[in-house]
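Reader: I am new to protein structures and would like to learn how to read one. Could you walk me through it?

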Protein chains: 2
Amino acid sequence: MPARVDGPIGLFDSGVGGLTVARAIADRLPGEQLLYFGDTAHLPYGDKSPEAIRGYSLAIAHHLVSLGAKAVVVACNSASSVAYEALVEALDVPVFNVIDPVVDEVARLGLERVGIWGTKATVKSGVFPSKLAKANAKIHVSAWATPLLVPVIEENILSGPILDAVINGYALPTEAENVDALLLACTHYPIVAKQIGQRLGEHVALLSTPQIVAEHVALELAKHGLLHTESLQRAAHQFVVSDFTPAFQAIAQQFFGEVIELREDHLWA
Amino acid sequence: MPARVDGPIGLFDSGVGGLTVARAIADRLPGEQLLYFGDTAHLPYGDKSPEAIRGYSLAIAHHLVSLGAKAVVVACNSASSVAYEALVEALDVPVFNVIDPVVDEVARLGLERVGIWGTKATVKSGVFPSKLAKANAKIHVSAWATPLLVPVIEENILSGPILDAVINGYALPTEAENVDALLLACTHYPIVAKQIGQRLGEHVALLSTPQIVAEHVALELAKHGLLHTESLQRAAHQFVVSDFTPAFQAIAQQFFGEVIELREDHLWA
């Protein structure tokens, strides 16, 4: 079945973090319908094995395409790190990850000392340092696994001593490397970008994945002739999770920035 | 197939937290072989729906019994809260949870103002307050969801400003209730019991689930005539996870307190 121009843009993540990417795409492309899948039955991906993440990602992406998605955005750094190539091979719609557009932007800006904060899976994959080095041979990259930011943000702790202690613990080694930019390589982290920026100071540029990815998706969909044309007529966004809890409902609204309704879809039952 | 006296004691948890219970049982019953299953593909259970936790628990428990387990210990408060009755009904071996023995111990000690720290699923289930009230009508129970302790402990942060900030954040409302005992109703928490005790002071008694449960399991297995008799001949403990990562291997050893080897078992594949 060929992708239809008025089909939704599919996105998925292990949970609600990818909703920051969904928000940025909704802002950049207000005429497009979004179909979001949060794999909350397997959340978080950051601690799972590459094989497991690949298996979940393929199942979800096929599901999104079967529901009419005209493109699939892997709105999760862990899945982008280990499952992107398998998805490109398996799907016949455009697939976007949250890594390559960011690598291109770092190269475009000519940044030379870049720090990366991400989950264990993303950092361990080494995908950012290796791609950044290919894009700019002179670049110096330091990466740190900063996994505690995820549960802290999901607990809605967006200020105060716990967030300060967690950010400070990760900021100390980062400062020692004198980076001139910090890449927030996890879709959750933009939620506390301001607090991270305040701690690191103005001399460290923060790179916000969602905006960079949204711009890339917009350009590529236009190139493929896949942009919806009747912007006033789009269908309502759809938000699906593999295991529903009221807590996800609450946090999802905060990540997406507006009232939404999560629907449960037993993809794994 | 009737349970054999020299079969292993089966235990399961969403991850490695239940290894604190396994440790206590291994110490209390050194002649017994343990068969531990960590459902790391679905970790953590604390954020999952009751239906999902029940489904995972039944599949794992049947798996343990099929591997020869003569008893099943639900070494996880979230699963004990929502899946214990279903397991008792489904299995023909003794099933133990990590709630009832603790409730009995609180009643036996005559404690009257009890605080509870647990995951969201455990606290939301209301199972501890309701069972404690049945055991002692005069008891005053206050429960708080303290979910951040889990990822902090799993990150091996067992001292310093991050742990202090997290414990302090949860200690403030607990102190306001003037409890005379605090029940650590999550199998992870005993790992930082000392730090919690230092913050709350000596006038608050800490109840350690693993020891209480181990004592109960020992008494009940003896009652059922299921204790292994040749203590010097026991087979090596077995540790299985549903998704293997090197990080689990490292943290598992810390929780169990000795070098162990995790094996992956694709129960869900």
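Author: We will talk about where two chains meet, and then about a pocket. This is a predicted model, in which local features need pLDDT of at least 70 and side-chain atom pairs count only at pLDDT 80 or more, while totals for chains, interfaces and linings use all residues. Residues are numbered from 1 along each chain as its sequence is written, chains are lettered from A and ligands numbered from 1 in the order in which they are written, and side-chain values use heavy atoms, with hydrogens and water left out.

Reader: How many residues of chain A and chain B are in contact, and how much area do they bury?

Author: The size of an interface is often given as the accessible area lost when the parts come together. Here 28 residues of chain A are in contact (heavy atoms within 4.5 Å) with 28 residues of chain B. The two chains bury about 2000 Å² between them, 62% of it on carbon and sulfur atoms; this buried area is the accessible area (1.4 Å probe) lost on being put together, summed over both parts. On the chain A side, A:Leu148, A:Glu155 and A:Ile162 lose the most area to chain B, together 25% of what that side buries.

Reader: Which residue forms a salt bridge with B:Lys120?

Author: A salt bridge is a side-chain nitrogen of Lys or Arg within 4 Å of a carboxyl oxygen of Asp or Glu. The partner of B:Lys120 is A:Glu155, with the closest N and O atoms 2.9 Å apart. Between chain A and chain B the count is two salt bridges, and a search of the whole structure finds 24 over all chains. A:Glu155 lies in the loop between helix 7 and helix 8 of chain A and B:Lys120 in helix 5 of chain B, so this pair joins two chains. Helices are DSSP runs (H or I, at least four residues), numbered from the N terminus.

Reader: What lines the second largest pocket?

Author: Rolling a probe the size of a water molecule over the atoms shows where empty space is left. A pocket is an open set of points on a 1 Å grid over the protein atoms alone, where a 1.4 Å probe fits, with protein on both sides within 12 Å along at least five of seven lines; lining residues have an atom within 4 Å of a point. About 590 Å³ of space lies in the second largest pocket, a volume being the space filled by probe spheres set on the points, which are joined across faces, edges and corners. Of its 27 lining residues, the closest to the centre are A:His42, A:Trp268, B:His42, B:Tyr56 and B:Trp268.
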